[in-house]
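The following note sets out points for consideration by a colleague preparing calculations on this entry. The points are numbered for ease of reply.

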Amino acid sequence: MSIRNRIITADHGGDAIRVPLIEISGASDGPVTSIVAGVHGAEYCGIEAAVRLSREIDSERLRGTLRIVTVANVPGFLGRCEVQCPVDGQNLNRLFPGSATKDYTDHLASVIYENCVRDADCVLNIHGGDIFEELVPYTGIGRTGNAQVDERCRELGRAYGLPFLLESGSPPGAVAGGSSLNQAAQADGITSILAESGGRGLLEEEFVETHLRGMRNTLKWMDMLDGDLELPNEVRELTTDFWRISSEGICYPEQAIGDRVREGQRIGEVKDWFGDTVEELIAPRDAWIVAVVITPAARKDAIVYQVAF
Ligand SMILES: [Zn+2]
């Protein structure tokens with residue numbers, strides 16, 4: 001029974017890698033669950049929930065080992081960066097399981113993976129909606145083609161207790177090489193999900209609480225804590241996709257999160273630098289709007305909506 005706070009360190013050609021890790025060993029044996037927050041450094045609700053969970057856990061009541069990385073991407077957090085790690089501009093959540101011999105962010109991914117993920121039984125990839133987006137809280141799972149592993153991830157996705165459980169549309173096997181933290185773990189046979197709650201660069205109590213409930217549910221579902229799961233929502237189990245714009249300019253999405261849109265419905269427009277409409281956005285099929293990019297800056301081929309159907 002112990003609580004140990006430490007910073008895992010590594011050197012990458014003179015640039016320091018630092019990963020803050022809290023390890024809580026329970027009073028009796030049991031599984032290992034790793035909670036990794038702050039893979040995207042400006043997703044504050046997930047980071048705050050991870051910090052708070054670490055302070056509320058009573059190690060005498062815990063079975064097994066709980067590891068919590070509060071901020072996986074420290075340079076991104078300190079730099080207030082959307083998506084990327086500012087040292088080399090890469091998206092940490094596309095580089096797992098990582099490599100110590102490539103770029104800084106690949107090395108960071110491998111430090112996290114080898115210290116916190118590889119030998120775990122359960123891994124949560126905790127996100128909080130990035131600075132530029134607003135989203136309905138949801139859990140995300142990949143597909144490996146290993147039915148047993150995939151079904152356990154789906155069960156954990158339900159147990160986390162958010163209104164949407166979204167499966168990535170990629171075909172089985174497409175995640176075998178790893179990419180996001182949870183998909184790399186899932187490909188290694190570990191029960192793992194992504195969980196999103198929060199957004200717009202804000203620290204909002206409602207979304208912190210949503211994550212905290214999901215984290216507690218996870219520990220109960222793993223039989224590391226006693227108690228019943230708290231499941232306040234009906235869970236919609238759907239497939240997810242991203243809708244993009246094809247023009248550069250100023251984007252005006254017209255749908256809100258949680259909206260249901262119909263095929264052929266107008267859902268926004270893009271204007272050029274002079275205010276003329278250059279693209280009308282039309283829903284290609286019926287879908288739920290799960291996330292909206294709320295900043296008007298529109299690069300060619302940028303995502304404007306995440307949807308589910
Ligand atoms: Zn994220």
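1. Q186 belongs to helix 5 (residues 181-187). In this predicted model, Q186 has a relative accessible area of 1%, and because this is under 20%, the residue is classed as buried. The C-alpha atoms of Q186 and E196 are separated by 17 Å, the two residues being 10 apart along the chain.

2. E134 is located in strand 6 (residues 133-135). Its relative accessible area is 25%; since this value falls between the limits of 20% and 50%, E134 is partly exposed. Between the C-alpha atoms of E134 and N91 the separation is 19 Å, with their positions 43 residues apart along the chain.

3. The zinc ion is coordinated by ND1 of H40, by OE atoms of E43, which is listed twice, and by ND1 of H127, at 2.1 to 2.4 Å. Along the sequence, the donor residues follow the spacing H-x2-E-x83-H. Both H40 and E43 are buried.

4. How is the arrangement of the four donor atoms around the zinc ion classed? The angles that they subtend run from 56 to 141°. A tetrahedral assignment requires all angles to lie between 85 and 135 degrees, so the arrangement is irregular. For reference, the ideal angle for four tetrahedral donors is 109.5 degrees.

5. The largest pocket has a volume of about 1,300 Å³. Its lining comprises 47 residues, and those nearest the pocket centre are V83, R94, F132, F242 and I303. By class, the lining residues are 20 nonpolar, 18 polar and nine charged.

6. Which element supplies the largest share of the lining of the largest pocket? That share, four residues, comes from strand 17 (residues 303-308). In terms of domains, domain 1 (2-234) and domain 2 (240-308) each contribute at least three residues to the lining of this pocket.

7. Several backbone features merit inspection before the model is used. F96 and P97 are joined by a cis peptide bond, with omega of about 10°. P97 is in the loop between helix 2 (74-78) and helix 3 (104-117), and R80 is found in the loop between helix 2 and helix 3 as well. R80, although not a glycine, has a positive phi of about 50°. With a relative accessible area of 66%, which is over 50%, R80 is therefore exposed.

8. D223 is likewise not a glycine and has a positive phi, of about 60°. D223 occurs in the loop between helix 6 (205-221) and strand 10 (236-244). As a general matter, most residues other than glycine have a negative phi, and most peptide bonds are trans.

Key:
Residues numbered from 1 in each chain as written. Predicted model: local features only at pLDDT ≥ 70, side-chain atom pairs only at ≥ 80, totals over all residues. Heavy atoms only, no water. 1 Å grid on protein atoms, 1.4 Å probe; cavity = no way out; pocket = protein on both sides within 12 Å on 5 of 7 lines; lining within 4 Å. Points joined across faces, edges and corners; volume = space filled by probe spheres on them. Helix = DSSP H or I, 4+ residues; strand = E, 2+ residues; numbered from the N terminus. Nonpolar A, V, L, I, M, F, W, Y, C, P; charged D, E, K, R; others polar. Domains from an automatic or database assignment. Donors = N, O, S within 2.8 Å, 3.2 Å for Na, K, Ca; no water. Tetrahedral: all angles 85-135°; square planar, octahedral: opposite > 155°, others 65-115°. Buried < 20%, exposed > 50% of the residue type's maximum accessible area, 1.4 Å probe, protein only.
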